[in-house]
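I am opening a fresh page for this structure. The notes below follow the order in which I looked things up.

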Amino acid sequence: NQGIVDLVKKTITDEGGDLQHRELYGSGFNPVLGPSDFETFSKNTIPADIAEEQKWVTWADRLLFIYPVWWFSQPAMLKGWIDRVFSYGFAFTSSGGVLSGLLHHEKAWVIQTAGTPKQWFDERGFTDKMNLAFKEGPLEFCGIKDVEVTTLFGVNGSSQEERESMLKQIKEKLLSW
């Protein structure tokens with residue numbers, strides 16, 4: 001995953017693009033949506049750490065998520081980030097009982113890595129379920145219509161050549177994204 005992050009950062013900056021990388025584990029971001037958050041929201045204010053992340057989401061015209069698959073989903077840290085940052089009134093709203101997304105990014109791309117081979121996921125129907133949970137869940141629900149998911153399977157135990165091929169695939173797609 002760090003190799004993918006490094007490749008993305010270098011490719012985007014080499015192409016003259018602007019990038020804001022958010023490292024959730026190193027940032028000290030609290031992923032727990034708790035009672036104090038709801039109390040703050042009820043006063044029509046946003047907790048400072050959430051407001052900071054929402055600023056960067058608003059700044060971006062595209063969102064890119066890079067993470068390892070843990071238990072067929074994104075890590076708890078990312079799930080908690082979504083829970084807190086994609087909040088009501090920022091990422092979605094309701095009017096007359098109809099929910100609608102408020103995010104209007106051009107695109108989102110999810111790059112996830114799995115240690116297990118693709119065949120194992122496919123035989124159990126986990127590939128589609130895993131992609132549905134993040135793609136159609138918070139991203140499309142909140143208004144992003146063009147969401148792409150790339151899963152790199154079998155990363156654990158892959159050879160250096162196979163990993164280089166995976167990075168090449170990501171770079172080629174990134175250049176046209």
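**Entry 1: two loop residues with unusual backbone**

I started with Asn44. It counts as exposed, because its relative accessibility is 74% and the cut-off for exposed is over 50%. The model is a predicted one, so I keep that in mind throughout. I placed Asn44 in the loop between α3 and α4. I then checked its backbone: phi is positive, about 60°, although Asn44 is not a glycine. Most residues other than glycine have a negative phi. I also looked up its separation from Asp6. The two residues are 38 apart along the chain, and their C-alpha atoms are separated by 38 Å.

Trp71 came next. I found Trp71 in the loop between β1 and α5. Its phi is positive too, at about 55°, and Trp71 is not a glycine. Is Trp71 buried or exposed? At 77% relative accessibility, Trp71 counts as exposed.

**Entry 2: Gln74**

I stayed in the loop between β1 and α5, where Gln74 also lies. Gln74 has a relative accessible area of 11%, so I note it as buried. I looked for a partner for its side chain. A polar contact of 3.0 Å joins it to the side chain of Ser73. Setting aside residues up to four places away in sequence, I listed Tyr67, Lys79 and Phe134 as the residues that Gln74 touches.

**Entry 3: helix α5**

I moved on to α5. How many of its 10 residues are buried? I get 7, and α5 is mostly covered. The buried ones are Met77, Leu78, Gly80, Trp81, Ile82, Arg84 and Val85. I asked what they pack against. The answer is α2 (24–27), α3 (35–42), α4 (48–59), β1 and α7.

**Entry 4: Ser87**

I took Ser87 next, in the loop between α5 and β2 (92–95). Ser87 is buried, because its relative accessible area is 5% and the cut-off is under 20%. Without its neighbours within four places in sequence, I find Ser87 in contact with Phe41, Gln54 and Phe92. I checked the Gln54 pair further. Ser87 and Gln54 are 33 residues apart in sequence, and their C-alpha atoms are 9.3 Å apart in space.

**Entry 5: the nonpolar cores**

I turned to the largest nonpolar core, which has 24 residues. Which members touch the most other members? I noted Phe65, Trp81, Phe86 and Leu139. The elements giving two or more residues to this core are β1 (62–68), α5 (76–85), β4 and α7 (126–141). The most comes from α5, with 5 residues. In soluble globular proteins, nonpolar side chains tend to be buried together.

I followed Leu139 in detail. Not counting residues up to four places away in sequence, Leu139 touches Phe65, Phe86, Ala108, Val110, Phe134, Ile144 and Val147. Another core, of 12 residues, lies apart from the largest one; among its members are Leu7, Val8, Ile12 and Met166.

**Entry 6: α1 against α8**

I looked at how helix α1 (residues 2–14) and helix α8 (residues 160–176) pack. Their angle is about 35°, and their axes are 10 Å apart. The crossing of α1 and α8 is right-handed. On the α1 side I listed Gly3, Ile4, Leu7, Val8, Thr11 and Ile12. They meet Leu167, Ile170, Lys171, Leu174 and Leu175 in α8. I sorted the residues of this contact by type: 8 are nonpolar, 2 are polar and 1 is charged.

**Entry 7: His105**

I closed with His105, in the loop between β3 (98–101) and β4 (107–113). Its relative accessibility is 9%, so His105 counts as buried. Where does its side chain find a polar atom of the backbone? The backbone oxygen of Val57 lies 2.7 Å from a polar atom of the His105 side chain. I then listed the contacts of His105, again without residues up to four places away in sequence. They are Val57, Ala60, Asp61, Arg62, Leu63 and Ile144.

Terms used. Residues numbered from 1 in each chain as written. Predicted model: local features only at pLDDT ≥ 70, side-chain atom pairs only at ≥ 80, totals over all residues. Heavy atoms only, no water. Helix = DSSP H or I, 4+ residues; strand = E, 2+ residues; numbered from the N terminus. Buried < 20%, exposed > 50% of the residue type's maximum accessible area, 1.4 Å probe, protein only. Polar contact = N/O pair within 3.5 Å; in protein donor to acceptor, adjacent residues only side chain to side chain. Contact = heavy atoms within 4.5 Å. Core = buried A, V, L, I, M, F, W, Y, C linked by side-chain atoms within 4.5 Å. Axes fitted to C-alpha atoms, helices over the stretch in contact; angles between N-to-C directions. Left-handed = near helix turned anticlockwise from the far one by under 90°. Nonpolar A, V, L, I, M, F, W, Y, C, P; charged D, E, K, R; others polar.
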